[in-house]
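Here is a quick tour for someone meeting this protein model for the first time. Have the 3D view open and follow along.

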Amino acid sequence: MSDDPKTLVSTAWLSDHLKDPDLRVLDASWYLPDAGRDPQAEYHTAHIPGARFFDIDEISDARSDLPHMAPPVEKFMSRMRSMGVGDGHQIVVYDGAGLLSAPRVWWLFKLMGHRDVAVLDGGFLKWQAEGHPTEDLAPVVKDRHLTVRYQNQLVRDVTQVSQASKLGTTQIVDARAAARFRGDAPEPREGLRAGHIPGARNVPFNTLLNTDQTMKSPDQLRAVFEEAGVDLSAPVITSCGSGITAAILGLALERIGHDRWSLYDGSWAEWGMFPTVPVATGDA
C-alpha cells in the first residue's frame, strides 16, 4: 500500500516514525457492548509505545441522548490539551479490532480542522502479529494547544439527510451489515425501527477490508462502491449504526480521491427512532 500521513499508514511506516518528536499515537479502540471487551483495560495491559487512549464515548457531546456524538469544540480542545495532542503534531490513530473505530477519530480530527492525521492500517492486531514493541506504561504528557477550525461540511444532521434522501442529489451510503440494511435483522439498540434511509446504498464496512483487517487497494475500493450502485460522481453522506463505521466508508472514499463526503453523525441510532422520517426495507 502507499503510505499517506493524511489517510492511512502502514505498520512499517509507523515503526520507522515512532520516535519522531512530533508524532502522537492514539489508541481509539471501541467495541459494541456484546463484544465483551474493555478497550481501556486492554490499553493499560498493552499498547503501542507512547500511545494515549482516546475514549470515544467520553470525548463526545454529553448533552445528546445519542451515543458518542461529536463533542463541542471546547471539550475537544481541552481533552486534546490534557492528552498533549495539538498543533504541529502528526497523529496516527489505531484500534484493537484492526480497522473499526480508528477512522471515527480520524474523522473527528478532520472535523476539527486537523489534517495531519492517519489511521494505522491493520491496527494493533497487525502491529502485534509482526512483533513490533508494546508497553503498559502511561506516556509522559505535556500540554499542547490545539487550534480548531471546525469543518461544517464534514458532518450532517437528520434534517440535512432527510433532504438529501428526498432530493436524491447526494448519495447516502450505509455501512451496516446487509441484513440490518434490508430490515431482516433486528437492530442491536432497543426501540429502533428496522430498515434503511430511503434511497441509500449499502456498502457493509467489512467489504472494504482484507482478511487481515487492512484496507483494500484504491482500485478494489472503487470496485466495491460501484458494485453497490454508489454514484461516485455525486457527493456522499456516510451512515451506519451510530456514526462509528460510517467513518470507514469516509476513509475509503478519501483513499480513492473522493473528497466530497460527509458523515451522518446520528446515523441509524437517530433515524431509526425518529417517527417522522420514512424507513425503507429490502435491497437498495
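In what order do the five strands of the open sheet with strands 6 to 10 line up? The order is 6-10-9-7-8, and the pairing is parallel. One thing to keep in mind from the start: this is a predicted model.

## The sheet with strand 6 and strand 8 at its edges

Strand 6 (155–156) and strand 8 (201–202) each have a single partner strand, so one side of each is left without a neighbour in the sheet. For strand 6, look at strand 10 (residues 261–264): the two pair in the parallel sense over two bridges. Val 155 sits opposite Leu 263 of strand 10.

Helix 4 (residues 102–111) packs on this sheet and touches both strand 6 and strand 10. The direction of helix 4 makes about 115° with that of strand 10.

## Helix 4, under cover

How much of helix 4 is buried? Ten of its ten residues are, so to speak, out of sight: the helix is mostly covered. The buried residues include Arg 104 and Lys 110, along with Trp 106, Trp 107 and Phe 109. After the helix comes Gly 113, with a positive phi near 90°.

Trp 107 is a good residue to click on. Setting aside neighbours within four places in sequence, Trp 107 is in contact with Ala 70, Leu 154, Val 155, Ala 247, Trp 261, Leu 263 and Asp 265.

## Two nonpolar cores

Trp 107 also turns up in the largest nonpolar core, which has 53 residues. Phe 54, Trp 107, Phe 109 and Phe 225 are the ones that touch the most other members. Elements giving two or more residues to this core include helix 3 (73–83), helix 8 (218–227) and helix 9 (246–255), as well as helix 4 and strand 10.

Apart from that core lies another one, of 16 residues. Among its members are Ala 46, Val 92, Tyr 94 and Leu 120.

## Helix 6 and its two faces

Which residues of helix 6 (residues 158–167) are buried? They are Val 158, Val 161, Ser 162, Ala 164 and Ser 165. Seen down the helix axis, these fall within an arc of 160°, so they line one face of helix 6. Their cover includes strand 6, strand 7 (171–174), strand 9 (236–239), strand 10 and helix 10 (267–271). On the face turned away from the buried side, you'll find the exposed residues Thr 159, Lys 166 and Leu 167.

Both ends are worth a look. Asp 157 caps the N-terminal end of helix 6, with a side-chain oxygen 3.2 Å from the backbone nitrogen of Thr 159. Just after the helix, Gly 168 takes a positive phi of about 75°.

## The other sheet, and Ser 10

Now for an open sheet of five strands in the order 1-5-4-2-3, again with parallel pairing. Strand 1 and strand 3 (52–53) are its edge strands, each pairing on one side only. Strand 4 and strand 5 run parallel and are joined by three bridges. Ile 91 has Val 117 of strand 5 as its bridge partner.

Ser 10 sits in the loop between strand 1 (8–9) and helix 1 (11–17). Is Ser 10 buried or exposed? Its relative accessible area is 12%, under the 20% cut-off, so Ser 10 counts as buried. The Ser 10 side chain reaches the backbone nitrogen of Trp 13 at 3.1 Å. Leaving aside neighbours within four places in sequence, the contacts of Ser 10 are Met 1, Asp 3, Leu 120 and Asp 121.

Conventions
Residues are numbered from 1 along each chain as its sequence is written. This is a predicted model: local features need pLDDT of at least 70, side-chain atom pairs count only at pLDDT 80 or more; totals for chains, interfaces and linings use all residues. Side-chain values use heavy atoms; hydrogens and water are left out. Two strands pair if DSSP finds at least two bridges between them. Helices (H or I, at least four residues) and strands (E, at least two) are DSSP runs, numbered from the N terminus. Contact means heavy atoms within 4.5 Å. Axes are lines fitted to C-alpha atoms, for helices over the stretch in contact, and angles run from 0 to 180 degrees between N-to-C directions. A nonpolar core is a set of buried Ala, Val, Leu, Ile, Met, Phe, Trp, Tyr and Cys residues joined through side-chain atoms within 4.5 Å. Buried means under 20% relative accessible area, exposed over 50%, partly exposed in between (1.4 Å probe, protein chains only). The arc is that of the directions from the helix axis to the C-beta atoms. A polar contact is a pair of N or O atoms within 3.5 Å; within protein, one must be able to donate a hydrogen and the other to accept it, and residues adjacent in sequence count only if both atoms are side-chain atoms.
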